[in-house]
Amino acid sequence: MLEIKNIYSGYDGIDIIKDVSVTVNRGENLCIVGPNGCGKSTLLKSIANIIDYRGSIKIDGKEMSSMDRKYLATKVGLMSQISQIYFPYTVYDTVAFGRYPYLKGVFSDLSIEDKNIVIENIKKVNLYELKDKMISELSGGQLQRVFLARIFAQNPDIILLDEPTNHLDLKHQIELLENLNSWAKQNNKIVIGVLHDLNLVQYFADNVLMMNKGQAISYGSSKDVLNESLLKEIYGLDIKNFMLEILKRWEVV
Ligand SMILES: Nc1ncnc2c1ncn2[C@@H]1O[C@H](COP(=O)(O)OP(=O)(O)OP(=O)(O)O)[C@@H](O)[C@H]1O
């Protein structure tokens with residue numbers, strides 16, 4: 001279980017996240033929604049311990065800020081928005097980095113078991129035929145899938161995803177979310193994703209946390225949180241009726 005209690009975090013001494021608390025059970029996937037700049041990525045970075053926070057973030061009762069980096073990497077992994085800087089690594093090497101927390105020494109080689117895990121996860125995201133290609137030569141969607149394979153290889157208790165569907169076509173978006181969903185359910189793990197597409201949130205989330213101005217505004221099932229009046233208030237748009245109008249355009253006359 002992940003317990004986030006009264007956390008505050010931000011940059012340069014200014015709090016962006018203000019007093020956020022939420023609990024996520026094992027096997028659950030939580031989607032974080034909210035308008036641009038409301039602090040979704042900052043909350044993920046706090047959970048990943050990339051930025052400092054005040055308050056408490058515990059996994060299975062243990063405070064995460066007290067864990068050393070290598071152990072922490074077996075507990076939590078963040079797949080963030082694709083960086084513009086690509087390092088000269090192959091698909092295989094990039095996914096192999098996911099096994100780093102499990103190596104005995106910094107320069108020790110991957111065991112046969114580690115290598116099998118790397119290949120298994122490259123296959124899982126359908127990139128086996130590209131395993132020796134440089135990641136700088138991949139499309140945005142292929143690269144996204146490489147990072148997904150890396151985080152599956154890392155096998156943390158909590159996967160954090162920042163807009164993971166960005167570069168993916170609809171088929172791959174659904175595949176990615178279904179992959180993550182079954183990973184969480186089968187392994188009793190936690191997935192927390194920032195998603196802008198509220199249709200995908202409806203489809204994917206067990207629970208939804210809506211944020212605004214650094215605070216948690218609403219938490220619960222997508223049915224409860226994504227209600228017409230709250231969406232109007234927070235996004236300043238009648239999202240439900242907009243979606244329903246668009247749906248009508250798909251109807252065959
Ligand atoms: N590295 C940083 N240094 C200083 N301020 C930052 C930094 N990163 C983000 N911010 C500020 O923190 C606030 C929240 O940003 P954050 O990226 O967490 O929002 P978000 O909800 O993820 O936004 P979006 O939906 O646009 O991705 C914004 O005002 C942003 O300008």
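This report walks through the overall fold, one sheet and the ligand shell of a predicted model.

## The chain as a whole

The chain has 253 residues, and its radius of gyration is 19 Å. A compact globule with that many residues would come near 18 Å, so the chain agrees with that expectation. Along the principal axes, the C-alpha atoms fill a box of roughly 55 × 50 × 35 Å.

Helices and strands are equal in number here: the chain has 10 helices and 10 strands. Buried residues make up 35% of the 253 residues. Contacts also reach far along the sequence. Among those between residues at least 6 apart in sequence, 68% join residues at least 24 apart.

## An open sheet of four strands

Four strands build an open sheet. Their order is β2-β1-β4-β5, and the pairing is antiparallel. Strands β2 and β5 (62–63) stand at the edges. Each has a single partner strand, so one side of each is left without a neighbour in the sheet.

As a general rule, side chains in a regular strand alternate between the two faces of the sheet.

## The β1–β2 hairpin

Strand β1 covers residues 2–11, and strand β2 covers residues 14–24. Seven bridges hold this antiparallel pair. Two positions show the register. G10 stands opposite D15 in β2, and S9 has I17 of β2 as its bridge partner.

The two strands form a hairpin, with two residues between them. D12 sits in the turn. The phi angle of D12 is positive, at about 50°.

## From β1 to β4

Strand β1 also pairs with β4, which spans residues 53–59. Six bridges join these two strands, and they run antiparallel. One of the pairings puts K5 with S56 in β4.

## Around the ligand

Which residues lie around the ligand? They are Y11, I16, G34, N36, G37, C38, G39, K40, S41 and T42. Strand β1, residues 2–11, takes in Y11, and strand β2, residues 14–24, takes in I16. The hairpin strands therefore each supply a residue to the shell by the strand limits used here.

Helix α1, residues 40–47, gives the most to this shell, with three residues. By character, the shell divides into three nonpolar residues, six polar and one charged.

Technical notes. Residues numbered from 1 in each chain as written. Predicted model: local features only at pLDDT ≥ 70, side-chain atom pairs only at ≥ 80, totals over all residues. Near = placed C-beta within 6 Å. Nonpolar A, V, L, I, M, F, W, Y, C, P; charged D, E, K, R; others polar. Pairing = 2+ DSSP bridges. Rg over C-alpha atoms; globule rule 2.2 N^0.38 Å. Buried ≥ 20, exposed ≤ 12 C-beta atoms within 10 Å, placed from the backbone. Contact = placed C-beta atoms within 7 Å.
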